[in-house]
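Colleague: I am new to this structure. Please take me through its aromatic pairs and its cysteines.

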Amino acid sequence: MKIALVTGAGRGIGRETARQLAEREMIVFAGVREENHAPEGTRPILLDVTDPAAVASAAKIVGEEFGRLDVLVNNAATCGDFGMTPAEVTAKHMRATYEVGVFGVVTVTHAMIPLLRAAGEARIVNMTTRLASISLTSAGDDLNVAWPMLAYNSAKSALNALTVLYANELRGSGILVNAVDPGHCATDLTGHTGSRTAAEGAAVAVRMATLGGDGPTGTFSSQEGPIPW
Ligand SMILES: NC(=O)c1ccc[n+]([C@@H]2O[C@H](COP(=O)([O-])OP(=O)(O)OC[C@H]3O[C@@H](n4cnc5c(N)ncnc54)[C@H](OP(=O)(O)O)[C@@H]3O)[C@@H](O)[C@H]2O)c1
């Protein structure tokens, strides 16, 4: 059986991703900050991604029991500047957003890479957004112009860069690293305004988490296909 870890699996798209991976007969560690928030059929693991000791402890738990990790979904994120214009955003907003969505991803990924390497064939999926696309934003894309969050969007642009850098280093190791946009989903993050369900958003991540060995690496895509960087 494959072993998976999903961060931010207590609610929203992360919770659905964990649930759908468990339905695919994986043993799923649901990274949560409250144990009773893990979805049924998964194994709760206490994981605040900003806490290096918690991340180290999660790696130890997975390593001691299984010695490997087949799937890592870096899903946890916050948006510290929802509805703000770039000129309103301070470094404090930036730090809070980067702490979870960028530094948290590096802390978790760095800790899990030895276990992912031990799996031989492994997948890393980074939850990003089309709002991170510098190409679309600079081209005046309607949606990206309408949602110009300095902290959130740029944190996800940084996450996209991490995706490519990890993918390049791990190319040939059997570890495929891809960034996915779940689409606009009705979750707490969006004030439940999205037109898609969390389950539909999760399906995009699950597809990349279950790629075959000949699958792509270093890509940025949504359900509709590739998104320009
Ligand atoms: N919803 C959308 O339309 C949309 C669109 C594009 C991309 N995304 C991305 O999809 C992912 C999931 O978003 P969502 O809409 O499901 O958001 P959400 O409902 O707000 O859930 C966010 C999740 O992140 C967790 N989290 C926050 N800070 C954390 C920390 N320090 N350590 C560990 N977990 C932490 C939360 O855990 P707690 O429950 O403990 O707070 C929660 O499980 C995010 O990366 C988001 O940027 C969402």
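Modeller: First, a rule: rings of Phe, Tyr and Trp (its six-membered ring) pair if their centres lie within 6.5 Å; planes under 30 degrees apart count as stacked, over 60 as edge-to-face and the rest as tilted. This is a predicted model, where local features need pLDDT of at least 70, side-chain atom pairs count only at pLDDT 80 or more, and totals for chains, interfaces and linings use all residues. Residues are numbered from 1 along each chain as its sequence is written, and side-chain values use heavy atoms, without hydrogens and water.

Colleague: How many aromatic pairs does the rule give?

Modeller: Ring centres decide whether two rings pair. The count by this rule is 4.

Colleague: How far apart in sequence are the parts that F82 and W147 tie together?

Modeller: F82 and W147 are stacked, at 5.6 Å centre to centre and 20° between the planes. F82 sits in the loop between β4 and α3, and W147 in the loop between α5 and α6 (helices: DSSP runs of H or I, at least four residues; strands: E, at least two; numbered from the N terminus). So the pair joins parts separated by 65 residues.

Colleague: Is C185 buried or exposed?

Modeller: Buried means under 20% relative accessible area, exposed over 50%, partly exposed in between (1.4 Å probe, protein chains only). C185 has a relative accessible area of 1%. That makes C185 buried.

Colleague: How many disulfides are there?

Modeller: A disulfide needs two cysteine sulfur atoms within 2.5 Å. The sulfur of C79 is 15 Å from the closest cysteine sulfur, in C185, so it is too far for a bond. The count of disulfides is 0.
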